[in-house]
Amino acid sequence: MKRYGEHRFPGKLFVVEGIDGSGKSTQLGLLHQWLQAEGYGTVFSEWNSSLLVRDTTKRGKKKRMLTPASFSLIHATDFADRTEHNIIPLLKAGAVVLCDRYIYTAFARDVVRGMDRQWVRELYSFAVKPTVAFYFRIPLEVALNRLRNGRNGIKFYEAGMDLGLSSDSEESFEIFQGRIIEEYEKIVPEYELTPVDATLPIEVQQAQMRQIVLARLAQAKRLRVAP
Amino acid sequence: MRETYGSVLPGMNLEDLSGKLIVIEGTDGVGRSTQINLLKPWLEQQGRAVLDTGMTRSDLAGKGIKQAKEGHTLGRITLSLFYATDFVDRLEKQIVPALRAGFVVLTDRYIYSLMARAMVRGVDAPWLRNVYSFALKPDAMFYLRISVDDLIPRVVFSRGFDYWESGMDLHPSEDMYESFRKYQTALLAQFDRLAEEYSFTVIDATPDIPTVFGQLKEAVSRVLGPPEAAPAVVERKAAAAAASSVPPRGVASDGDAAA
């Protein structure tokens, strides 16, 4: 069983992290397009996995039967399935794999829910260490302002309603996200995430990302995609 | 106060878990469920309330695991974590509330079987110990021990060789018999190792059902002590009513561990 940092694959793994409204998905989408145009075999690894695990997760959320511990373990199961059946085979094949959220999301979220910090880190120690993990740093207020327009209703667990922080989902979401930011800030130095100032113009952030990614792809074998 | 193997889950109060947690461990086909089906009514006749639980019986993940195993599609770490999810759901929603209500909890397998099966599949022992470090330490672990040679006829003449119980996912051999033998030998070696590490009480499961049951009754009695005597007739009736299979769900709703 290979641990974090012990895997050696020809492919490259780039992940984005940050709270909702940080703009990380937008940036990853732009990176994806560019990499494909450059001729790299690029795969976007979806945050959902085999139907079976996903069904259990969905059921648990819908019926609100998840505790912090079962929330943590069902998501770890889901992530393990993606690692074993998706991420690892793709990296072995030499692909450039992109992930919107990775283990650091679980580190932040589960610890805010009261799980032991070391326990969660060890739980996910089977994960492949990303080539680069970008962290989109943004003040809470700015992210909330961005979300206020586009959002239609926050889900129960997304707002951290299970923590009983507030009976108002909007307020609960704000407190919850604030705590998530605090956890992220501990993770950034510990796991050497690459911070990106998410208040900068979109093009500036994207240019920074491309520069960093390109430097890591220079020595990579280019996986030719059939035209 | 009750102990865990390390970490404590958020919201879990380890005080006042006055019931008894009794684990029956052993490999596939050794007769664990047969013995539990005998132990439960025997304990209930003594006026004790009993909850029996076992793998894949959680509300949350039981069905998902069964379906996933039919497709033979899950990786070894995924399968381990799916079982851990099932386990934590039962721990929080069934086992802890029952212990708080003073039940005897009989569990068909515990974390040890899950660890043994995962280790045979190449999953790290330290990683597994961390995953399950929130598990409560039981009051007793009875390990029904048998040799592969004695196990094989039992399985052949009852339900036959099963895909997973033969470790076919590990492809040890094309032949189901060869696979079963190899896989169960490896599994028993892991069980023996765990028996030492966690100080299981070993029960020889080779003899017939009544003999094994006799040994188990004696061992369980030692753990539970004599049933408390009821001073008045009225109270004895009440105890008997309480003992007649109180459904675990009802317990869960008023237990504070469900928080």
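Author: Two strands pair if DSSP finds at least two bridges between them. With that in hand, let's walk through this predicted model.

Reader: Okay, in what order do the five strands of the open sheet in chain A come?

Author: Pairing in this open sheet of chain A is parallel. Two of the links run through β1(A): five bridges tie β1 (residues 12-17) to β3 (residues 96-100), and four bridges join β1(A) to β4 (residues 132-137). Across the whole sheet, the order is β2-β3-β1-β4-β5.

Reader: Which strands of chain A stand at the edges?

Author: Take the order β2-β3-β1-β4-β5 in chain A again. An edge strand has a single partner strand, so one of its sides is left without a neighbour in the sheet. The strands in that position are β2 (42-45) and β5 (194-197).

Reader: And what does the twist average from one strand to the next?

Author: We're still on the five-strand sheet of chain A, with its parallel pairing. Going from one strand to the next, the twist averages 25 degrees.

Reader: Who are the bridge partners of Leu13(A) in β3(A) and Glu17(A) in β4(A)?

Author: Both residues belong to β1(A). Looking towards β3(A), Leu13(A) is matched with Val97(A). Looking towards β4(A), Glu17(A) is matched with Tyr135(A).

Reader: How many of the six residues of β1(A) are buried?

Author: In a regular strand, side chains alternate between the two faces of the sheet. Lys12(A), Phe14(A) and Val16(A) point one way from β1(A), while Leu13(A), Val15(A) and Glu17(A) point the other way. Buried residues turn up on both sides of β1(A), and the count is six of six.

Reader: Does Val213(A) count as buried or exposed?

Author: Val213(A) sits in helix α8 (residues 202-217) of chain A. In sequence, Val213(A) is 200 residues from Leu13(A), yet their C-alpha atoms are 9.9 Å apart in space. A residue needs 20 or more other C-beta atoms within 10 Å to qualify as buried. Val213(A) has 22 such neighbours, so the verdict is buried.

Reader: What span should the twelve residues of helix α2 of chain A have?

Author: The helix covers residues 51-62, and the reckoning uses 1.5 Å a residue. The C-alpha atoms at the ends of α2(A) are 16 Å apart, which agrees with the expected span of 16 Å.

Reader: Are the buried residues of α2(A) on the same side or on opposite sides?

Author: The buried residues of α2(A) are Leu52(A), Val53(A), Thr56(A), Thr57(A) and Gly60(A). Around the axis they cover an arc of only 135 degrees, so they lie on the same side.

Reader: Which residue with a positive phi follows α2(A)?

Author: There's a backbone detail to spot past the end of this helix. The phi is near 50 degrees, and the residue is Arg64(A).

Reader: How far does α7(A) reach from its first C-alpha to its last?

Author: Helix α7(A) has 22 residues, and 32 Å is expected at 1.5 Å a residue. The model comes close to that, at 31 Å.

Reader: Within what arc do the buried residues of α7(A) fall?

Author: The buried residues of α7(A) are Ser172(A), Phe173(A), Phe176(A), Gln177(A), Ile180(A), Tyr184(A) and Ile187(A). They line one face of the helix, because seen down the axis they fall within an arc of 120 degrees.

Reader: Which residues are exposed on the other side of α7(A)?

Author: To be exposed, a residue has 12 or fewer other C-beta atoms within 10 Å of its own. On the other side of α7(A), the exposed residues are Glu171(A), Glu182(A) and Pro189(A).

Reader: At what angle do α4(A) and α7(A) pack?

Author: The helices are α4 (residues 103-112) and α7 (residues 169-190) of chain A, with axes 9 Å apart and an angle of about 125 degrees. That angle makes α4(A) oblique to α7(A). Their crossing is right-handed, and the packing angle, once more, is about 125 degrees.

Reader: Over in chain B, how many residues of β3(B) are buried?

Author: Strand β3(B) covers residues 104-108. Five bridges join it to β1 (residues 20-26) of chain B, and β2 (residues 50-54) of chain B pairs with it over five bridges too. Of the five residues in β3(B), the number buried is four.

Terms used: Residues are numbered from 1 along each chain as its sequence is written. Chains are lettered from A and ligands numbered from 1 in the order in which they are written. This is a predicted model: local features need pLDDT of at least 70, side-chain atom pairs count only at pLDDT 80 or more; totals for chains, interfaces and linings use all residues. The expected span of a helix is 1.5 Å times one less than its number of residues. The arc is that of the directions from the helix axis to the C-beta atoms. Axes are lines fitted to C-alpha atoms, for helices over the stretch in contact, and angles run from 0 to 180 degrees between N-to-C directions. Angles under 35 degrees count as roughly parallel, over 145 as roughly antiparallel, 65 to 115 as roughly perpendicular and the rest as oblique. A crossing is left-handed if the near helix is turned anticlockwise from the far one by less than a right angle, and right-handed if clockwise.
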